Amino acid sequence: MKEYNQLIFEASKEGRKAYSLPECDVDMASVEELLPSEFLSDEELNLPEVSEVDIVRHFTLLSNKNYGVDTGFYPLGSCTMKYNPKINEDMASLSGFSTLHPYQPRETVQGALEVMYNLDKMLAEIAGMSKMSLQPAAGAHGEMAGLMIIKAYHEKRGDLKRNKIIVPDSAHGTNPASAAVAGFDVVEIKSDENGGVDIESLKAVLNDEIAGLMLTNPSTLGLFEKNIKVIADLVHEAGGLLYYDGANMNAIMGICRPGDMGFDVIHFNLHKTFSTPHGGGGPGSGPIGVREDLVPFLPVPIVEKQDDGYYLNYDLPHSIGKIKGFYGHFGVMVRAYAYILSMGAEGLKEVSETAVLNANYLMNRLKSHYKIAVDQICMHEFILEGLKENTLEVTTLDLAKRLLDYGYHPPTIYFPLIVDGAIMIEPTETESRETLDSFVNAMIKLAEEAKEDPKLLKEAPYSMPVRRIDEAKAAREMVLKWSK
Amino acid sequence: MHRYIPNTDADKKLMLDTIGVKSTNDLFIDIPEEIRLKRSLELGKSISELELSRHMKELISKNNGTDELTCFLGAGAYDHYIPSIVKHLAMRSEFYTAYTPYQAEISQGTLQVIFEYQTMICNLTGMDVTNASMYDGPTACGEGAVMACEATRRKSVVVSKTVDPEVRKVVKTYLQLRDIAVIEVDMAEGVTDVEKLKNAVSKDTAGVIVQSPNFFGIIEDVTEVEKITHDNKANFIMYVDPISLGILKKPSELGADIVVGEGQSLGNQLNFGGPYLGFLAANSKLVRKMPGRIVGQSQDLDGKRAFVLTLQAREQHIRRYKATSNICSNQGLNALMAAIYLITMGKKGLREVATLTTKKAHYAFNEITKSGKFKPVFNKPFFKEFVITSDIKANEVNKELLKDSILGGYELEHNYEELENGLLMCVTEKRTRQEIDGLVRIMEVL
């Protein structure tokens, strides 16, 4: 295919246009007469002038420089890049959903409220929680809201010195960042050799200043935290609450529930577990769920039902307040709702069983050429520590970049931080054995290349629209917009 | 076997053999018995596409959107025209099924789109830098206020009461979390009371937030506010409607340090409130205090132009609890739609949208207030929204309008007690003279 390297601004030509608008049908004076001149700009807008076909080709050619789940295997650990069913896109774009104004009278949006109400119930059932709030815009936003609830809970009890949140060193960066945003000090604890919570380290930091503990289960190493009950009891006995980061929920749907493990507050990522597209970075959706006695603290509004239909309830006396405009990412909720209905209870369980099966199969097949961080049965994902016969020269980054030439999106790399040169692989349930086998073949080929010709990997990729990019130059020169 | 799961029973058997276990159950041995769910989830059975569509169609039959109703409702979410190509191009699955562009070489599409989006947001607002987008306008405003506090090392922010109440609520939530004081300044005649603002701003003030056009649609004269803000070495934060920038002065010309706003009007559907996108732009001094992703230009090994996520040392995955924000996503797909919209409308089109909108809003204002039954509440220059009042309760007016399939204005007394019976009407370029005349006819006989 022909190379395409143009910015739309470079295609701009005076006099071209792509828009059409009706002629003005009201007999009014000019804007200059309607509005005081001191408010009006006297400059031309600095936007491109291009034709419709220019735009269509531009974005089509740009899309060719991208790689999505629809393009191929996308084993990004911790991101759950599963297939995004097309019917869900159709459902979300039904005009009866997509053209609703958020402030319409409630009698005109009963169907939309019903979607939210039903989704709330379904997610609460999957989580083992009492009630959800669908408002958080993403996982990190859910964490912030959930931690605010934990803070409000302690304050309500008059327990004002609990200003610390425990976060394991294996946690995703958003965990400590969200805790800091929510006004907590972060206490980091070391993980044990399998990436689990080190019980002694936990005990050592538990005291009456601890507001709670943030945890994913399965852990970021893809292993189930067997001691979860012990951990929950310890935190609860010390007066703290447990926060569940739902990043790894794809491993356990219908098998066990965060609520039954002892978690008090949770968030899900609808864009991971519940198949809504990642959108090249968003929109996500990060609903939070809480146990019964924490419901009064949820952000407003929550969706409730009364005799004459569904409504948005703003009357929560202990609410943490408003965390976002309107009610959350409704369009994303419709997709997740459609997904859960399509899967059903048995389907969701099959999702988790197959996700775990696929991960274990991949791990076993890769063992011959790669070091496994923790060599035992894993859940939905696992971590490689790099090549078995390490040439020292070839880094995890080199492996990832060379994998691009084999037509795969690389796994998550250098995360979790507790594993040196981590390669984190999450196949998800929507990939076939054939796909996994092809990926294994590519990974084995990589290992051979690393032995025979390390330089080949150091300079990879070769088949992408661009070669390896100088990141330092970008940070140094800070060219953050186009100019002539 | 479910349609979204390709492995057959035979595949699964072979895979279990490779792993060396007998059944899938053996893969879950680490989960203690006591926390296992001993029943099925109560979610019902899997349903087919046909059943799903039928169910969803039943649900939407209980909704009436702006396709069926003529919309005169705004207040933060707007019924502007969306060119057909926005949807077609944004729905290319290479864009929407991709993840965050951390692996730059395989994500040049997404990265270039964001770079172009950043360029246009900077050009529209006149600011030096912007990021890859925020969750929405209100949260962008909250983060902008936090930035001001970080930059000045002060812990107090002044907000005008003419700022959208929804935005103020979110700003309060974001700031109270960090023990930052929020001081609200009253309004006078529908605009920020400059005298009161002057008293509220001090050497402790990190930022001053003013919206223009404000919540009532009025274009605020910010000359004094800017002066007061900068005299106190605080940051001037403007919350703006991007469509209005088709004709109004750029925030940079008005002395803004940080510019935030709701980007929904730029090619994004109403979607019952989301997903939208927030934009956040600033002067270059503040770039290292910015939250979220930023795309920068660089080059590859062969010297070819290429794009990457940059200045990541600000972000949570590197700095953890010391990050500028906990935000980890952007509204990538919504920013893509905004970019396609801005390119499609282009230099002339955005100006024309803003011009049509202004004219139609003024036409509607003249016609609605002509007979005196509905009176203007403020006598100030406005863009696409204006406030009217009458002897009739606002919700009564709306109820009657709805009978004629008209979505009336925003009922202001929910948020402004003093504006009893007040309705905030919104008119975009989509409204026709016929629709406006129809609205006026009904209102006249209420």
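**Exercise 1.** In this predicted model, decide whether Asp231(B) is buried or exposed, and place the residue in its element.

*Solution.* Start with the element: Asp231(B) belongs to helix 9 (residues 223-231) of chain B. Next, count neighbours: Asp231(B) has 11 C-beta neighbours inside 10 Å. The cut-off for an exposed residue is 12 or fewer. Asp231(B) therefore counts as exposed. As a distance check, take Val201(B), which lies 30 residues from Asp231(B) along the chain; their C-alpha atoms are separated by 9.6 Å.

**Exercise 2.** Describe helix 13 of chain B: its span, its buried residues and what these pack against.

*Solution.* Helix 13 of chain B covers residues 433-444, which is 12 residues. From first C-alpha to last the helix reaches 16 Å, close to the 16 Å expected at 1.5 Å a residue. Its buried residues are Ile436(B), Leu439(B) and Met443(B). Viewed down the axis of helix 13 of chain B, the buried residues fall within an arc of 60°, so they line one face. The spacing follows a general rule: an α-helix has 3.6 residues a turn, so residues three or four places apart point the same way. On the face turned away from the buried side are the exposed residues Gln434(B) and Arg441(B). The packing partners of the buried residues are helix 11 and strand 15 (406-407) of chain B.

**Exercise 3.** Which strands stand at the edges of the four-stranded open sheet in chain A?

*Solution.* Write down the strand order, 10-11-13-12, with antiparallel pairing. Strand 10 (370-372) and strand 12 (412-413) of chain A each have a single partner strand, so one side of each lacks a neighbour in the sheet. These two are the edge strands. For strand 12 of chain A, the pairing with strand 13 (residues 423-425) of chain A is antiparallel and runs over 2 bridges. Within this pairing, Thr412(A) is opposite Met424(A) in strand 13 of chain A.

**Exercise 4.** Which residues have the most contacts inside the largest nonpolar core?

*Solution.* The largest nonpolar core has 316 residues, and Ala145(B) and Ile340(B) have the most contacts inside it. Helix 11 (residues 330-366) of chain A gives the most to this core, 22 residues. Leaving out residues up to four places away in sequence, Ala145(B) touches several residues, including Val157(B), Tyr174(B), Gly207(B) and Ile237(B).

**Exercise 5.** How many residues of chain B contact chain A, and which element gives the most?

*Solution.* 165 residues of chain B are in contact with 171 of chain A. Helix 11 (residues 332-369) of chain B gives the most to the chain B side, with 24 residues. By class, that side has 72 nonpolar, 56 polar and 37 charged residues.

How values were computed. Residues are numbered from 1 along each chain as its sequence is written. Chains are lettered from A and ligands numbered from 1 in the order in which they are written. This is a predicted model: local features need pLDDT of at least 70, side-chain atom pairs count only at pLDDT 80 or more; totals for chains, interfaces and linings use all residues. Two residues are in contact if their C-beta atoms, placed from the backbone, lie within 7 Å. Ala, Val, Leu, Ile, Met, Phe, Trp, Tyr, Cys and Pro count as nonpolar, Asp, Glu, Lys and Arg as charged, and the others, Gly among them, as polar. The expected span of a helix is 1.5 Å times one less than its number of residues. A residue is buried if 20 or more other C-beta atoms lie within 10 Å of its own, exposed if 12 or fewer, and partly exposed in between; C-beta atoms are placed from the backbone. The arc is that of the directions from the helix axis to the C-beta atoms. Two strands pair if DSSP finds at least two bridges between them. A nonpolar core is a set of buried Ala, Val, Leu, Ile, Met, Phe, Trp, Tyr and Cys residues joined through C-beta atoms within 7 Å.
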